[in-house]
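Please open the model in your viewer, with the sequence panel beside it, and keep a selection tool at hand. The stops below are meant to be taken in order, each beginning with something to select.

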Amino acid sequence: MADVALRPGRTSLADWRAIYRGARVTLDNACHAAVAAGARAVESILAWGAPVYGVNTGFGRLASVRIDPADIAQLQRNIVLSHSAGVGEPMPEALVRLMLALKLASLGQGASGVRLQTVQFLEDMLARDLLPVVPVQGSVGASGDLAPLAHMAATMIGIGEVTHAGERKPAAAALAQVGMPPLELAAKEGLALLNGTQFSTAYALAGLFEAEALLQASLITGALSTDAARGSDAPFDPRIHALRGHRGQIDVARSLRALLAGSAIRASHLLGDDRVQDPYCLRCQPQVVGAALDILRHAAATLQTEANGVSDNPLISAEPPEALSGGNFHGEPVAFAADIIALALCEIGSIAERRIAMLIDPTLSRLPAFLTPKPGLNSGFMLAQVTAAALVAENRQRAMPASVDSVPTSANQEDHVSMSAHAARRLLPMADNVAAVLGIELLAAAQGCDFHAPLTSSIALERVRAKVRAEVPHLEEDRAMAPDIAKAIGMVRSDWSEVLPEAPLPTLP
């Protein structure tokens, strides 16, 4: 995988996706001048002696307390230590890398007032794979993701733990091992490092990228289910979707048509089929999954903007030197985007579970009951559908908007918060649930198509079925389903591009 050169303020969604998937990161040197100018501006502001929040004052409700110039470096160290108050499991390494890259891009714009050596320290941590151990709970999404980012910043000054070369170590020891003395924070730097939305944004981007991949997989499983149920491809006619005009709906219908093109199973019931219309779970795939695609694209635009923005406080203007106190740390855009992604994930899984339920019901699918040749003696896919239903129920509970749940903090100084961290953190467990539902559908749809032999599906879907059958045999007699489902989940989360060159799947920008 190619390295990603971060261009502060101009990094593409594809680059953020690549970083999440494991690409190494470098920082575009063109930003160095702006960073240096911001640091000089902080020095000028300090020389004037006027009170500037977080530079020569306390924090939060203590903003009215002036700090002696001799204590300014201690102030920055203290805020990192005092705010390292997170709890819970450690952040996954892929997300830590993404968070560090997001912070690096933000500081690289020069509006945070940190020194170039501080930016380069962060870049060096990424290059050496020194990844802070960051507890995932403790942020309310304003003033930024304070607790998680404080744990990140603490490792830069030699406090806390990091993972390095697959081993968890004290930060001071790991820094010494790679020849990096702990950073000594200058004015504004502790606050700049721990203030911002990079923790929430990393999780939201991860959820977005997983949702994109699962939406694509749902079109494959949905198309295979359509053929298994001998459903019609007439609802995917482009004229229908052009009349409504939603881009996502049009794109999803196009993909479903391509996936089903040339199916002998479909051709076998073009004439003489007494069914007039298919159930909604087949017929309305473009309308449901297309709507999910549209809102994911909206969330992608929001998160790309956020990832390329500067979200700490105060912000530093270099010319003239000035500290601008505002509220860019508030995570409301991220929280809204995460809530939208949660809705999309919930609906992708929900309609897929309905297709599984349809396939095992002989009245609707006209297939053997529970997709087993000997129903009664065998239960077939009975409990696999129950598992899918349980996962969909979990996701419905998780899909409640988190952004509406503000809890005042800091003695009511921070009296409205976004809950962006919680909104974003729930997305990956939701994605895991959807992957499992789609894995079950993949197995059920392949099983359903098996009953139509010697008729075959389209070239594209036969490749899908061959991929399934290479790992999971046809279910003739009951067996433990969990190992089959685990393999199918792996297939759902695999790269389908080589299997489906003639049926490109819709993507985010």
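What follows is a tour of selected sites in this structure, which is a predicted model.

**First stop: helix H1**

Select residues 13-20, which form helix H1. Of the 8 residues in H1, 6 are buried, so the helix is largely enclosed by the rest of the structure. The buried ones to colour are Leu13, Trp16, Arg17, Ala18, Ile19 and Tyr20. If you then display the surroundings, you will find that these buried residues pack against strand E1 (4-6), strand E2 (25-27) and helix H4 (93-107), and also against H9, helix H14 (285-307) and helix H19 (427-450). Just past the helix, select glycine 22, where phi is positive at about 120°.

**Second stop: an aromatic pair**

The structure holds 2 aromatic pairs, and one of them starts from the helix you have just coloured. Show the side chains of tyrosine 20 and phenylalanine 209, whose ring centres are 6.0 Å apart and whose planes meet at 35°, so the pair is classed as tilted. Because tyrosine 20 belongs to H1 and phenylalanine 209 to helix H9 (residues 198-228), the pair ties together parts that are 189 residues apart in sequence. Are these two residues buried or exposed? Both tyrosine 20 and phenylalanine 209 are buried.

**Third stop: asparagine 56 in its loop**

Move next to asparagine 56, which you will find in the loop connecting helix H2 (32-48) with helix H3 (72-83). Its relative accessible area is 4%, and because this is under 20% the residue counts as buried. Draw a distance from its side chain to the backbone nitrogen of valine 52, and a polar atom of that side chain should appear 2.7 Å away. Leaving aside residues up to four places away in sequence, asparagine 56 touches Leu46, Gly49, Ala50 and Pro51, together with Val65, Arg66, Ile67 and Ile72.

**Fourth stop: a three-stranded sheet**

Now select strand E4 (131-132) and strand E7 (167-170), and add strand E6 (residues 161-164). These make an open sheet of 3 strands in the order E4-E6-E7, with antiparallel pairing. E4 and E7 are the edge strands, each pairing on one side only. E4 is joined to E6 by 2 bridges, while E6 and E7 are paired over 4 bridges. A useful residue to centre on is threonine 163 in E6, which stands opposite leucine 131 and has arginine 168 as its bridge partner in E7. Follow the chain from E6 into E7 and you will see a hairpin with 2 residues between the strands, where alanine 165 in the turn has a positive phi of about 55°.

**Fifth stop: the cysteines**

How many disulfides does a search of the whole structure find? The search finds 0. Select cysteine 281, which is buried with a relative accessible area of 7%, and then the closest cysteine sulfur, that of cysteine 284, which at 9.0 Å is too far for a bond. Cysteine 449 is likewise buried, at 0% relative accessibility, and the cysteine sulfur closest to its own, in cysteine 281, is 14 Å away, again too far for a bond.

**Last stop: a charge over a ring**

Finish by showing lysine 467 and tryptophan 496 together, where the charged end of the lysine sits over the tryptophan ring, 4.1 Å from the centre of that ring.

How values were computed. Residues numbered from 1 in each chain as written. Predicted model: local features only at pLDDT ≥ 70, side-chain atom pairs only at ≥ 80, totals over all residues. Heavy atoms only, no water. Pairing = 2+ DSSP bridges. Phe/Tyr/Trp six-rings, centres within 6.5 Å; stacked < 30°, edge-to-face > 60°. Buried < 20%, exposed > 50% of the residue type's maximum accessible area, 1.4 Å probe, protein only. Lys NZ or Arg CZ within 6 Å of the ring centre and 35° of its normal. Contact = heavy atoms within 4.5 Å. Disulfide = S-S within 2.5 Å. Polar contact = N/O pair within 3.5 Å; in protein donor to acceptor, adjacent residues only side chain to side chain.
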